[in-house]
Amino acid sequence: MDADGTKRLPDGVWVYVLAALVGAVAGWRLCDLMPHAVTAAAALTGHIPYPADSLQHRIHAGGFSAIETLVAGALRLGLAPSDAARLVYAVQGGLYGSAAALTIHALSRRTVAALAGSAFFLLFLPYAGGIAYSDYIVAVFAPPTHGIVGLGLILTLGATVAAGWGAASVIVLILAVLAHPIMGLFDGALWAVLWGTRLWLTREDAAPRLRRAAWLGIAALPVLGLLVWKGVTAGGGGDPHLTGLFYELWDYHRSTRIDGVLALMLAQVGGLAVLAGVWVRSGGLTDSEELFAFHLILAAGSGIALYLGFHALRDSLPQAVLMAMPNRFINIPLVASFPVLAGLLLRRRNDALMLLPLAVLLAAPVAGEFSGIVEFQPAAALFVGLTLAVRRPRDPAPVQAEERFGPWRRRGVAAALTLAGVGTLLILPARSLMSEQPSARTVADRLDAVGGPILFADIRTLEMVTALSPRTPVLLNIGELDFIPYQPQEIPQVAAILSELYNVDFADPPSATRHRGGLILDDAPLDMGGRTATRTHWEGLPRDRWGDLARRHGFAAVAAPSRWTLDLPGVFTIWTDPDRGVRIWRIPD
């Protein structure tokens with residue numbers, strides 16, 4: 001209550017809601033690429049007219065996804081795919097903005113600073129979050145929906161625990177598992193260990209609400225784990241030899257080698273664990289803050305161990321472990337780095353020496369963004385973390401809310417800052433999807449007339465055409481073969497397409513495409529003049545052979561750079577330059 005006895009929302013709720021609003025508006029206004037979840041949902045609902053037995057349709061329908069199910073429901077209710085894309089981006093922005101703000105506020109009790117810090121976090125992620133230099137590249141406003149939303153919910157889970165929101169923590173845990181089962185279950189297991197240990201050690205003193213929330217969270221994990229396991233194994237095992245070839249020759253995420261940047265990243269996570277340990281030993285923490293600190297230690301320690309162990313033993317690990325990709329778990333402490341460091345710096349109200357590390361923390365992402373030198377951020381985060389660890393607080397008493405401003409003034413300043421941020425986003429020109437350009441409708445209509453999936457020559461051709469016409473079906477998205485570990489039963493048809501249509505041996509791909517997660521042609525984008533094996537193969541195919549391949553694999557047209565010469569009737573050309581573009585060739589009946 002306020003001094004006059006009026007009931008009010010806690011400042012943490014106020015900060016969370018305002019930051020979510022700013023992040024959501026930012027996501028809606030900055031959406032310029034179609035999220036993966038919307039593409040999959042559009043395929044499942046018929047917005048992309050795939051034949052039911054086509055390979056790409058099976059890929060989209062191959063496993064249960066809570067996110068895609070929700071998006072598909074929205075599309076069935078009449079929401080346009082472009083608006084669904086903006087909605088997904090708004091959710092992503094709202095998740096990260098609110099989670100960062102709540103974490104900073106829970107650690108510092110600074111309302112206005114928490115909002116400002118969350119805006120900075122959104123602006124400079126991935127640099128501020130550290131995930132630009134890990135194995136699993138995720139940014140807030142980008143198409144990989146499942147990784148982004150899952151990691152955002154995990155960050156939110158930590159924030160709700162730090163804020164002491166027990167029931168909300170359990171709800172967020174369940175949502176995290178549904179959004180990204182592997183990441184969610186791993187982080188849920190860490191929290192279950194901590195909750196169970198805390199309940200055992202404080203079984204006489206624990207508050208009833210805390211005990212109920214903790215037991216509910218622990219009980220939910222095995223149920224969710226069983227559901228995830230059934231979903232993962234539903235598609236069948238496939239051929240272990242072919243799956244092994246994918247991991248050995250094609251996979252990207254599991255093949256990153258540790259270099260100088262990644263070594264700095266590991267040091268950054270280690271520094272965060274040291275800081276959390278010093279923070280616990282300093283005393284004066286609430287139960288929620290202590291639980292949050294122990295989670296940082298556990299997440300950082302297990303993340304480093306799994307990261308190093310995975311890379312050291314990768315060639316001898318079972319395929320089930322490779323599929324789970326445990327090296328990505330290090331992203332949990334990484335994404336929390338900036339909010340945690342900012343919150344602990346702002347917690348030191350009367351320590352002028354903390355201004356230097358605060359300046360470094362804010363300057364490093366800016367320097368990294370404009371210089372392209374990624375090492376700035378891990379080095380700066382390591383410096384700030386160790387500085388906080390070495391310089392212990394003079395007064396370890398629990399941090400209090402800002403007293404310089406009354407509660408209404410504090411909330412008023414926060415609301416004004418939010419309105420200013422939202423107003424700025426609304427005034428600045430919004431980004432748009434390529435499919436919303438005036439010329440895109442004509443392209444989409446002409447592609448619709450083709451009447452079936454299209455075979456694309458290279459990644460750039462595919463990206464440009466599907467950006468102009470998201471409802472165009474593709475034979476195989478050669479740029480995203482990362483689905484294979486989760487649907488290995490589809491490898492034989494993928495291998496046949498690569499061999500017969502691209503002249504690429506799945507068991508011996510060109511060096512340029514190895515460990516890239518997709519088929520990368522040397523002459524992308526849009527044909528710079530080189531002649532790859534694929535181009536030579538396509539230009540040497542007679543028209544009747546094209547017909548045989550189209551009937552065998554199920555495509556109705558071919559899209560390739562306009563400079564290529566194919567023995568097929570051309571339909572039209574999408575020009576990108578006066579002498580360069582993408583040509584659509586029709587397969588004769």
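Asn503 is partly exposed, with 42% relative accessible area. In this predicted model, Asn503 lies in the loop that runs between α21 and α22. Its phi is positive, at about 60°, although Asn503 is not a glycine. Arg109 likewise has a positive phi without being a glycine, with a value near 60°. Arg109 sits in the loop between α5 (81-108) and α6 (111-124). Its relative accessibility is 23%, so Arg109 counts as partly exposed, the cut-off for burial being under 20%.

The loop between α21 (491-502) and α22 (533-539) also holds Thr513. Unlike the partly exposed Asn503, Thr513 is buried, because its relative accessibility is 0%. Several contacts surround Thr513. Beyond its neighbours within four places in sequence, Thr513 touches Trp250, Gly518, Leu519 and Ile520. Trp250 is 263 residues away from Thr513 along the chain, yet their C-alpha atoms are 7.3 Å apart. With Gly518, the link is polar: the side chain of Thr513 comes to 2.6 Å from the backbone oxygen of Gly518.

A second buried loop residue is Ser469. It is placed in the loop between α20 (459-468) and α21. Ser469 counts as buried because its relative accessibility is 1%. The side chain of Ser469 makes a polar contact of 2.7 Å with the side chain of Thr472. Outside the four places on either side in sequence, Ser469 is in contact with Ala444 and Leu447. Both of these partners fall in helix α19, which covers residues 438-448.

The sheet is described next. Four strands make up an open sheet, ordered β1-β2-β4-β3, with mixed pairing. At the edges are β1 (454-456) and β3 (570-577), each of which pairs on one side only. From one strand to the next, the twist averages 20°. Helix α19 packs on this sheet and touches β1, β3 and β4 (580-586). The direction of α19 makes about 155° with that of β3.

The pairing of β2 (residues 557-561) accounts for both senses in the sheet. With β1, strand β2 pairs in the parallel sense, over 3 bridges. With β4, it pairs in the antiparallel sense, over 5 bridges. Individual residues show how the strands are set against each other. Leu455 stands opposite Val558 of β2. Phe456 has Ala559 of β2 as its bridge partner. Ala559 in turn has Ile584 of β4 as a bridge partner. Ala559 is thus bridged to Phe456 and to Ile584. Strand β2 is mostly covered, with 5 of its 5 residues buried. In a regular strand, side chains alternate between the two faces of the sheet.

Among the helices, α15 (residues 331-347) was examined for length, bending and burial. The helix has 17 residues, for which a rise of 1.5 Å a residue gives an expected span of 24 Å. Its end C-alpha atoms are 24 Å apart, so the two values agree. The helix is nevertheless bent. At Ser337, α15 bends by about 45°. A proline, Pro339, follows within four residues of that point. Burial of α15 is complete by count: 17 of its 17 residues are buried, so the helix is largely enclosed by the rest of the structure.

Totals for the chain place these local features in context. The secondary structure comprises 23 helices and 4 strands. Of the 589 residues in the chain, 52% are buried. Contacts between residues at least 6 apart in sequence were also considered. Of these, 75% join residues at least 24 apart. The contact of Thr513 with Trp250 spans 263 residues of the chain.

How values were computed. Residues are numbered from 1 along each chain as its sequence is written. This is a predicted model: local features need pLDDT of at least 70, side-chain atom pairs count only at pLDDT 80 or more; totals for chains, interfaces and linings use all residues. Side-chain values use heavy atoms; hydrogens and water are left out. Helices (H or I, at least four residues) and strands (E, at least two) are DSSP runs, numbered from the N terminus. Buried means under 20% relative accessible area, exposed over 50%, partly exposed in between (1.4 Å probe, protein chains only). Contact means heavy atoms within 4.5 Å. A polar contact is a pair of N or O atoms within 3.5 Å; within protein, one must be able to donate a hydrogen and the other to accept it, and residues adjacent in sequence count only if both atoms are side-chain atoms. The expected span of a helix is 1.5 Å times one less than its number of residues. The bend at a residue is the angle between axes fitted to the seven residues ending there and the seven starting there. Two strands pair if DSSP finds at least two bridges between them. Axes are lines fitted to C-alpha atoms, for helices over the stretch in contact, and angles run from 0 to 180 degrees between N-to-C directions.
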